[in-house]
Amino acid sequence: MSLQEVVIRLTLAITIGGIIGYEREFQRRPAGFRTHVLVCVGAAVISMIQLFDLQYTVNLIKSNPELAPSIKTEVGRLGAQVISGIGFLGAGTIIRDSGAVKGLTTAASLWTVACIGLAVGMGHYTLSILSSIAVVISLVTLKKFESRFMEKSKLVQLEIEYLEKNNMIQKVSEYFERKDIKVRNIEFVFDITQENEKNVYGKSLFTIMIPRYINLSQILRDLVIVDGIVKVNVV
């Protein structure tokens, strides 16, 4: 492989990693411009090392044919290690926030950039360019499509005040289950107040995931009319 070819492949790796990384940087994600560039360049270097090793092995066998039975080379071994090893970077971009998992898209983009870098290093220019275009389209265009048309859930926290009953939490949880609403967390407020001798009130905070097709106001109306519930507020 000539010096010019090495420069072309490294430049292409920097360009592709930079374009995809810029989109992640613009979205203020954990792994941005420099991280994607380094991943893509590193993967390209590994691919070129494999090619250099392969060429060295071929030349060694040509000059010493008697060594052919004892020399073996695996072209894809280093590339496989890159694909599996990039997972630690992806894991570092995934975070949990109020019960929701964030950073999966950035982790996936890092993994994809590593794969594209391997393709660049192997000299598959058409595949590299087309796949990078596909990644950019997926990150930019499909995000708008997803937020507009795909059904997603939103995180809501409800403060429910109720007459202290043993089965009230179970009754509310069963309502959410019937509505296909996921309960992420339940917090109990222990400062129970007593207004008179007959009524003792309790309060709980429900963190729930509401599908887009369910109206929040309808949930509030349904909960208010449940026997034993005094008040429902959105926190």
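Mentor: Let's start with a cut-off: a residue is buried under 20% relative accessible area, exposed over 50%, and partly exposed in between. The model we are looking at is predicted.

Trainee: Why is Cys115 called partly exposed?

Mentor: Cys115 has a relative accessible area of 25%. Partly exposed lies between under 20% and over 50%, so with 25% Cys115 earns that label.

Trainee: And what makes Cys40 count as buried?

Mentor: Cys40 has 0% relative accessibility. The limit for buried is under 20%, so Cys40 meets it.

Trainee: How many disulfides does the structure hold?

Mentor: Zero disulfides are found. A disulfide needs two cysteine sulfur atoms within 2.5 Å, so no pair here meets that limit.

Trainee: Let me see the whole chain. How many helices and strands are there?

Mentor: The protein chain has eight helices and six strands. Starting at the N terminus, their order is α-α-α-α-β-β-α-α-β-α-β-β-α-β. The chain has 235 residues, and 33% of them count as buried.

Trainee: Which residues have the most contacts inside the largest nonpolar core?

Mentor: Leu158, Ile160, Phe176, Ile219, Leu223 and Ile229 do, in a core of 20 residues. At least two residues come from each of strand S3 (153–163), helix H7 (168–178), strand S5 (201–211), helix H8 (216–224) and strand S6 (229–234). H7 gives the most, with five residues.

Trainee: What does Leu223 touch?

Mentor: Leaving out residues up to four places away in sequence, Leu223 touches Leu158, Ile160, Val172, Tyr175, Phe176, Ile229 and Val232. There is also a second, separate core of 18 residues, which includes Ala13, Cys40, Val82 and Val113.

Trainee: Now the salt bridges. How many does a search of the whole structure find?

Mentor: The search finds three. The side chains of Arg9 and Glu5 form one of them.

Trainee: What makes the meeting of Arg9 and Glu5 a salt bridge?

Mentor: Their N to O distance is 3.0 Å. The limit is 4 Å between a side-chain nitrogen of Lys or Arg and a carboxyl oxygen of Asp or Glu, so this pair qualifies. Both sit in helix H1 (residues 3–26), four residues apart, which means about one helical turn separates them.

Trainee: Are Arg9 and Glu5 buried or partly exposed?

Mentor: Arg9 is at 9% relative accessibility, under 20%, so Arg9 is buried. Glu5 is at 22%, between the two cut-offs, so Glu5 is partly exposed.

Trainee: Where do Glu161 and Lys231 lie?

Mentor: First their bridge: the closest N and O atoms of Glu161 and Lys231 are 4.0 Å apart. Glu161 is in strand S3 and Lys231 in strand S6, so the pair ties together parts 70 residues apart in sequence. Glu161 is buried at 17%, whereas Lys231 is partly exposed at 42%.

Trainee: How do you know that Lys179 and Asp222 meet in a salt bridge?

Mentor: Their N to O distance is 4.0 Å. The definition asks for within 4 Å, so the pair counts. Lys179 is in the loop between H7 and S4, Asp222 is in helix H8, and this links distant parts of the chain, 43 residues apart.

Trainee: Why does Asp222 count as buried?

Mentor: Asp222 is at 17% relative accessibility, and buried means under 20%, so the label fits. Its partner Lys179, at 34%, is partly exposed.

Trainee: What is unusual to look at in Asp180?

Mentor: Asp180 has a positive phi of about 60° although it is not a glycine. Asp180 sits in the loop between H7 and strand S4 (182–189). With 48% relative accessible area, Asp180 does not go over 50%, so we call it partly exposed.

Trainee: Which residues form a nonpolar patch on the surface?

Mentor: Ile129, Leu130, Ile133 and Ile137 do, with about 360 Å² of accessible area together. Ile129 lies in helix H6 (residues 125–149). A patch residue needs over 30% relative accessible area, and Ile129 has 39%, so Ile129 passes that test.

Notes
Residues numbered from 1 in each chain as written. Predicted model: local features only at pLDDT ≥ 70, side-chain atom pairs only at ≥ 80, totals over all residues. Heavy atoms only, no water. Core = buried A, V, L, I, M, F, W, Y, C linked by side-chain atoms within 4.5 Å. Buried < 20%, exposed > 50% of the residue type's maximum accessible area, 1.4 Å probe, protein only. Contact = heavy atoms within 4.5 Å. Patch = residues over 30% accessible without salt bridge, like charges linked within 9 Å, V, L, I, M, F, W, Y side chains within 5 Å. Areas by Shrake-Rupley, 256 points an atom, 1.4 Å probe, with all protein chains shown as cover.
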